[in-house]
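User: Please take a close look at the ligand site in this model. After that, describe the buried loop positions, the unusual backbone geometry and one of the sheets.

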Amino acid sequence: MTVEFLTLHSRHSTLVLECPAQEAPLWRYWGPRLPNHSTPGTDLRGTRPLPSFMLDLDQPLTVVPTFGVGWFGQSALLAHRAGLDFAQAITQCEVEWTTPGSAVVLHLTDAIAQLRFEVSLALDVDTDVLTLQTCLTNLGDKELDVQWLAAGTLPLPGDAATVRSYAGQHNHEFLLQTDTLGRSQWRRENRRGHTSHDCFPGAVVTTPGSTEHSGLVFGAHLAWSGNHQQTIEWLHDGQYQWQMGEWLAPGEGRLAPGNSLHTPEIIATCSTQGLNGLAANFHAALRARMAWPGGQMRPRPVHLNTWEAFYMDLVPGDVMALADAAAKVGVERFVLDDGWFKNRHHDRAGLGDWWPDAVKFPQGLGPLVHHVNALGMEFGLWVEPEMVNPDSDLFRNHPGWALQIAGRPLITARNQLVLDISRPEAADYLFGKIDALLAAHPIRYLKWDHNRDLTTAALAGGLGGAAYRAQVHAVYALLARLRAAHPEVEIESCSGGGGRIDFGVLRYTHRVWTSDCIDAMSRVQIQHGFGQFFPPEILGSHIGTAPAHTTGRSQSLAFRAAVAMTGHLGVELDVRHLDESTSSALSTWIACYKKYRDQIHHGRVWRGEAADGLVWQAHGDADDLLLFVYRCQPTNHRYTPPLRLPMLDTSARYQVEQVVAIAGEGAVQSPAPFFTTLQNGGVALDGAWLAQAGLPLPRATAETCFIVRLQIIRT
Ligand code: GLA
């Protein structure tokens, strides 16, 4: 019997499907690159003797596993038509290559349940990233009610060992959660209506022996800013299936005859280079998707954000004075945060009334924008378009625009409600107000916030159905409309810090506010988790004040700066009141960021943890790396062990130089001659030695950072 196989190759990975006639294609392989002409050789069923107490037709994992074929695992579709057609089965498969060898669309029909699936799989040759997406069309003449439609189903090998996902909360995003895989289903769901702080839509699966730098690992992320669900389930052939998709509220997946449901994309990848190999693939994939003004990323300008300096107590004279002080220390973009619009004196009023408060800004924002521009800085503005306070003109005029369930109380959070922006009038209103601000002033940046979870979110205007999904599509549409009208404006995705960080919103935005927590110690961990999926140039990271407003902990300016400068740097403190030496130290750190930002924001990032309380990351490429070693805990070793740098070229010699004095209070405890040389021109060291034996580290106090540059010596 001839069996048809579909093979997709990228540089380092391969995907193989088997296409039996009149069925959904069977998963044969997703893993490290196979040679070009390598095939399974024979059909899968032919290799699997049937165990006892089994159906007579063996049913392996397919790209769309469904109940109707005798599949006992989780189905990729849960749907029915008034109780009928609940068990679906593909009866026909047509294969359409959109890019031969790397992108294919599978047109799968269920002639009995009257459904069509279009499953798109594209394996990017350069990044090894597989983009997977499903579209379901109701071909029947009655409504189909979809409860679950997987955006995709991926196979994982039977020796998959752990799943690393990210939990968290406001002020503590990207909290690593490691679970052991076994026969119980692993499942995470988010029903908060935005990406959420506490359930990142993605995970990493490890295999035994994999590390940060080596071994086989798999990763997947749902490019979606709303509710989501993912499961990893053990299968009877010893492998796992991984499904990911939108979590649909009851009624959200109702499909009228002829209508289609499009899932978000899954961005998935595997690597034999451990967690850092995976991170490199995700970073490259995101970079390829970003839509920068002008088509290309400009060097990321240093921000000053006014929030922690003033909160909502904005007095134009003070704001201008802050701008003066900001310009002096080297800030390049000044962002006016919350508190500028009508009646916004506290968080109980104003959201929705997007024009300058006449008491605070009697002449509007013009004089301030002009002042900021005259200082050589760009101007940015905070908005929270999807929200409305009951105490606002907007709500008084249009109480029906808020998401709500008729007859039930309005549930506020931070005293605010959510607007149903899928209503064209509401979206037009917001577009009109923001467009007017952008047209009136040279505003080059919007910090777009979203400060609550969604609940009782029913479509406004008496429609009554769940609005979560419509809301996400509507915010994407509003962002796209504003971007089209003002292509020069960059947008930051903020949601009480990091509540809306995903590849979906990043199609329209250029930076994320990673967390409202700017405590540098917390940030080391938050940014470490973030870096698994996202590249550093979009990571909003600010130098805050001490003690940190959210934790009460204090760290030295040098440590705060050394942590913040590995992302898109900003300042979030009242620089007007810094003493001479602090202000000069801040300017020096900002200058240091400017000097190295190209290297920090391009190339790869290697991240690692070492014994004895060390977290490190290196930016650049194996030829030229900037290495940050954070000592988070006091050492418990008499002698600090060297740090192995496995990414270095083992056939090269490196010039290793300490580019900044060790950053932090107390700093080096007992200097040794090697470190003096390191600071004065540097030392030539062997790449293989550094990779295997390691770089000597200074004996330093906790909450310090050791920053060195390693450059290949060309002879
Ligand atoms: C959110 C953001 C903060 C700030 C406030 C303003 O919490 O994350 O950075 O903008 O809103 O209300």
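Analyst: The ligand site comes first, then single residues and the sheet.

This is a predicted model, in which local features need pLDDT of at least 70 and side-chain atom pairs count only at pLDDT 80 or more, while totals for chains, interfaces and linings use all residues. Residues are numbered from 1 along each chain as its sequence is written, and side-chain values use heavy atoms, with hydrogens and water left out.

The ligand is surrounded by 13 residues, where a residue counts as near if one of its heavy atoms lies within 4 Å of the molecule. Asp 337, Asp 338, Arg 414, Lys 447 and Asp 516 are the closest. By class the shell holds 6 charged, 4 nonpolar and 3 polar residues; Ala, Val, Leu, Ile, Met, Phe, Trp, Tyr, Cys and Pro count as nonpolar, Asp, Glu, Lys and Arg as charged, and the others, Gly among them, as polar.

Polar contacts here are pairs of N or O atoms within 3.5 Å; within protein, one must be able to donate a hydrogen and the other to accept it, and residues adjacent in sequence count only if both atoms are side-chain atoms. A polar side-chain atom of Asp 338 lies 2.6 Å from a ligand oxygen. The side chain of Trp 382 places an N or O atom 3.0 Å from an oxygen of the ligand, and for Trp 513 the corresponding distance is 3.4 Å. Of the 300 Å² that the ligand exposes when taken alone, the protein buries 96%; accessible areas come from the Shrake-Rupley method with a 1.4 Å probe, and for residues only the protein chains shown count as cover.

Asp 337, one of the closest residues to the ligand, is also in contact with Thr 306. Contact means heavy atoms within 4.5 Å. Leaving aside neighbours within four places in sequence, Thr 306 also touches Tyr 311, Leu 314, Leu 322, Phe 334, Val 335 and Leu 336. Thr 306 sits in the loop between β21 (303-305) and α2 (307-310); helices (H or I, at least four residues) and strands (E, at least two) are DSSP runs, numbered from the N terminus. Thr 306 counts as buried because its relative accessibility is 0%; buried means under 20% relative accessible area, exposed over 50%, and partly exposed in between (1.4 Å probe, protein chains only).

Thr 509 lies in the loop between β27 (490-493) and β28 (511-513) and is buried, with a relative accessible area of 2%. The side chain of Thr 509 reaches the backbone oxygen of Val 505 at 2.8 Å. Beyond four places in sequence, Thr 509 contacts Met 290, Ile 491 and Ser 493.

Next, the backbone geometry. Ala 546 and Pro 547 are joined by a cis peptide bond, with omega about 0°, and Pro 547 falls in the loop between β29 (539-543) and α9 (557-564). Phe 174, in strand β12 (residues 172-180), has a positive phi near 55° although not a glycine, and is buried at 5%. Asp 612, another residue that is not a glycine, has a positive phi of about 70°.

Finally, the sheet is open, with 3 strands in the order β4-β9-β18 and antiparallel pairing. Because β4 (77-80) and β18 (254-255) each have a single partner strand, they stand at the edges, and one side of each is left without a neighbour in the sheet. Two strands pair if DSSP finds at least two bridges between them; 2 bridges join β9 (residues 144-149) to β18, and Asp 145 has Arg 254 in β18 as its bridge partner.
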